[in-house]
Amino acid sequence: MTDLYKLVDKLEEEKELSLEEWTRLIEGQSSEISEYVFSKARKAREPFYGHEVYVRGLIEISNICRNDCIYCGIRCSNVKVNRYRLTKEEILSCCRSGWEMGFRTFVMQGGEDPYYTDEVLCDIIAAIREEFPECAITLSVGERSKESYRKLKEAGAERYLLRHETANEEHYRMLHPENLSLAVRKECLFNLRELGYQVGAGFMVGAPYQTARHLAEDMIFLKELNPAMVGIGPFIPHHDTPFADMKAGTLEQTIYLLGLIRLMLPKVLLPATTALGTSDPLGREKGMEAGANVVMPNLSPTEVRKDYLLYDNKICVNEEAAENLRSLKARMEAIGYMVVCDRGDSKNMEN
Ligand code: 5AD
């Protein structure tokens with residue numbers, strides 16, 4: 001027991017642990033050690049981000065995907081999904097209403113939709129860049145060639161979210177179809193970083209077949225990549241996937257890992273994700289209290305929200321963006337945090 005507290009102290013001081021130490025710390029999760037981690041994580045966040053919470057407007061541009069990831073509700077073999085794709089005008093209109101509400105970062109997220117050639121995507125990015133020069137443009141549209149990432153960056157994209165999903169080769173195989181590989185995934189992340197993007201990696205907590213050792217490998221991979229942002233959320237089964245009957249990841253383990261990530265990478269941007277909010281009504285608040293500092297409300301048109309379901313029971317599907325933001329602000333204020341109108345660049349970019 002006391003050994004675990006010493007490991008947390010060591011992590012706080014040295015910002016890294018060995019694979020074996022990480023495994024022990026992750027296996028040893030309890031509410032007592034979690035509280036210890038959270039209080040240190042809040043302290044670690046303080047000098048860089050204080051009590052400020054950055055918001056990102058999430059625009060789900062397409063649920064068409066060429067991939068068949070076993071866990072994901074919009075995998076290509078799920079024929080029950082009503083597929084959609086937003087037009088450039090629809091995306092720009094989301095940005096306009098987002099701007100009015102105070103968003104200064106737009107995240108365009110979608111499946112790997114072949115319609116989005118470099119030409120099409122660059123045209124959309126350039127239009128946003130021109131109309132909203134003060135805003136940061138983030139992309140989350142999956143694996144592409146380095147050349148493609150370069151063109152998207154030249155068009156005005158500055159940030160890219162691509163979760164590595166799991167840093168363990170065998171585990172990666174259990175979650176993905178044959179044609180996808182961890183090696184390519186990692187290569188994409190390193191390419192993005194080389195091109196100067198602020199990169200976001202991450203994984204699902206409690207994903208099927210995941211062990212403490214896998215999570216330990218995730219921590220070591222994150223240390224090596226040193227990303228600007230880390231997105232983690234609990235795995236939540238989707239009823240029309242082969243993982244329909246698998247157990248969901250827990251809120252407790254997710255927030256424990258949020259706290260540990262904050263201790264390892266104090267300056268990293270750490271969102272309290274929608275999946276975390278889905279797993280517990282107070283999930284996002286608990287995420288903030290564990291060291292998170294970002295929330296990503298949905299700016300997608302309400303008509304399409306019900307079709308962008310990666311997992312079951314997703315929250316805010318029927319809420320208007322403005323209402324959603326208002327309630328988030330109130331909820332953050334109630335626990336002593338303040339949503340700010342800011343691009344919210346990462347302070348973890350000196351690599
Ligand atoms: N439960 C939780 N998160 C999921 N994602 C995909 N499917 C699920 C699920 N069933 C996550 C993946 C992906 C991100 C966009 O959503 O980690 O990278």
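What follows is a chat about a predicted model, covering its ligand site, a small sheet and its empty spaces.

Modeller: Quick ground rules: this is a predicted model, so local features need pLDDT of at least 70 and side-chain atom pairs count only at pLDDT 80 or more, while totals for chains, interfaces and linings use all residues. Residues are numbered from 1 along each chain as its sequence is written, and side-chain values use heavy atoms, with hydrogens and water left out.

Biologist: How do the residues of the shell around the ligand divide by class?

Modeller: The ligand is surrounded by Y71, C72, Q109, R163, E165, M204, P234, F235, I236, L310 and Y311, where near means a heavy atom within 4 Å. For classes, Ala, Val, Leu, Ile, Met, Phe, Trp, Tyr, Cys and Pro count as nonpolar, Asp, Glu, Lys and Arg as charged, and the others, Gly among them, as polar. The shell then splits into eight nonpolar, one polar and two charged.

Biologist: What share of the ligand's exposed area does the protein bury?

Modeller: Start with the polar contacts (pairs of N or O atoms within 3.5 Å): ligand nitrogen sits 3.0 Å from a polar backbone atom of Y71, and a backbone N or O atom of I236 lies 2.7 Å from a ligand nitrogen. For L310, a backbone N or O atom is 3.4 Å from a nitrogen of the ligand. Alone, the ligand exposes 410 Å² (Shrake-Rupley, 1.4 Å probe), and the share buried by the protein is 88%.

Biologist: Which strands stand at the edges of the sheet?

Modeller: Strands here are DSSP E runs of at least two residues, numbered from the N terminus, and two strands pair if DSSP finds at least two bridges between them. The open sheet has three strands in the order β8-β1-β9, with parallel pairing. One side of each edge strand is left without a neighbour because each has a single partner, and those strands are β8 (294-295) and β9 (338-340).

Biologist: Which residue in β9 stands opposite Y54?

Modeller: Strand β1 (residues 52-55) is joined to β8 by two bridges, with V294 as the partner of Y54 there. β1 and β9 pair over three bridges, and on that side Y54 faces V340.

Biologist: What volume does the second largest cavity have?

Modeller: A cavity is a set of points on a 1 Å grid over the protein atoms alone where a 1.4 Å probe fits but cannot get out, and lining residues have an atom within 4 Å of a point. Three cavities of 30 Å³ or more turn up in the whole structure. The second largest is lined by R56, V107, T138, R159, L161, M229, L269 and M296. Its volume, the space filled by probe spheres set on the points, is about 40 Å³.

Notes:
Polar contact = N/O pair within 3.5 Å; in protein donor to acceptor, adjacent residues only side chain to side chain. Helix = DSSP H or I, 4+ residues; strand = E, 2+ residues; numbered from the N terminus. 1 Å grid on protein atoms, 1.4 Å probe; cavity = no way out; pocket = protein on both sides within 12 Å on 5 of 7 lines; lining within 4 Å.
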